[in-house]
Amino acid sequence: MMKRETKLMHYGRTATPGPANPPIMRASTILHDTVESYRATKAARATDDAVLSYGRRGTTTAHQLAAALADLEEAEACFLFPTGVAAVAGALTPYLGAGDHLLVVDTIFPATRSYCDTVLARNGVEVDYFPWDTIDLSDYVRPNTRMVLAESPASQSYEVMDLPALCRDAHDRGLIVATDNTYGSSWLYRPLALGCDLSIVAGTKYIGGHADTMMGAVAARGPAVDALRRHTAMTGQTLGPDDAYACLRGLRTLGLRMERHGENADRLVAWFQTRPEVAEVLHPGLPGHPGSRIWARDACGCNGLLTVGFREGFDAEAFVDRLRLFSVGSSWGGFESLAMPAAPDSGRRFPRPDRGAGQMIRFHAGLEHACDLIADLEASFDRA
């Protein structure tokens, strides 16, 4: 079987001679010579997501990206969205209606929590939260529960869920399971192979990889596919060809970039642990981190994220302002290193009781040389 690293080089390739990267196809109207051809195309697109029929359904550029992500995620189908948050909404809305109940892991991405607590609640969906280490939903499930939404590792704090155990319990109860896989970005982690029905990825991060693209994707398998396909068609969710091209090109180096991000993060984790100003470092690869043994079992490495808790009284935000190679900015997963304030327990129903009182900073280790990043951090400490 062909290795994934090799597949990345060949996604989207068609007949030769031809370009190494498929060209961008920009189109709204798709022309036909006959009425019969037009009708046949409309009929075919009901089950074939790669049919070129109308710009709202995506062009060949987006279809090639969707097929590549479906292959990486071991999915039956993959549907593209203009942003990661749009993908989250697209992964929930087809399966929930007024009177239904949704269970969400308490460590979910804050923007996802906001969507659940406002838009879904306004439309009559009841939402409850459960702790990240739950594998038995008995205490949380109701007769009207329809779906479980997970995220592993957790947003900002990286606790790792036992997805296979959670999925077994949820499926025994007839529930759909979706998970946010942005941390793994279709490379480090494949939730569908672990039992999930839907895998959500913000391709804005590592898939695009260059801090200049917005994209979301939902990969699906089994009975979950048809409802998602109908929803994306009815709501006009798609990805523009230029962003699709940028993400498809980004896939070529995904494996190499993820390896470098992970190595740099490991170097930073080890270095921060030597500093007296640091109270704790959160990273799923650390022995003793919540769920680290599960991550070692189910994943194939870590990305560039780590969160550092500083000792009480240390001005961590001033420390960030003194950095030169780390910029302050939303998002992560691009080539650049980032640092920004973090508050993992903010808004959570089950905050960690032993969380320190000092300021916390989330770092993203970019593709710079690790020695330069550490020198920048060290210089900021020295100027404190």
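1. Two strands count as paired here if DSSP finds at least two bridges between them, and with that convention in mind, the bridge partner of Val308 in β11 is Ile361. The model under discussion is a predicted one, and the points that follow should be read accordingly.

2. The pairing to which Val308 and Ile361 belong joins strand β9, residues 305–310, to β11 in the antiparallel sense, over 5 bridges. Strand β10, residues 338–342, also pairs with β11 in the antiparallel sense over 5 bridges, and here Pro341 has Ile361 as its bridge partner in β11.

3. Strand β11 itself, spanning residues 360–364, has 5 of its 5 residues buried, and it is therefore largely enclosed by the rest of the structure. The burial concerns both faces of β11, since Met360, Arg362 and His364 are buried on one side, while Ile361 and Phe363 are buried on the other.

4. Elsewhere, 7 strands form an open sheet with mixed pairing, in the order β1-β7-β6-β5-β4-β2-β3. Its edge strands are β1 (77–81) and β3 (126–130), each of which pairs on one side only; neighbouring strands of this sheet are turned against each other by 20 degrees on average, with direction ignored.

5. Within this order, strand β2 (residues 101–105) and strand β4 (residues 145–151) run parallel and are joined by 4 bridges, with Val104 standing opposite Leu149 in β4.

6. As for helix packing, helix α3, which comprises residues 60–72, lies across β1 and β7 (216–220), and the helix runs at about 130 degrees to β1.

Methods:
Residues numbered from 1 in each chain as written. Predicted model: local features only at pLDDT ≥ 70, side-chain atom pairs only at ≥ 80, totals over all residues. Heavy atoms only, no water. Buried < 20%, exposed > 50% of the residue type's maximum accessible area, 1.4 Å probe, protein only. Helix = DSSP H or I, 4+ residues; strand = E, 2+ residues; numbered from the N terminus. Axes fitted to C-alpha atoms, helices over the stretch in contact; angles between N-to-C directions. Contact = heavy atoms within 4.5 Å.
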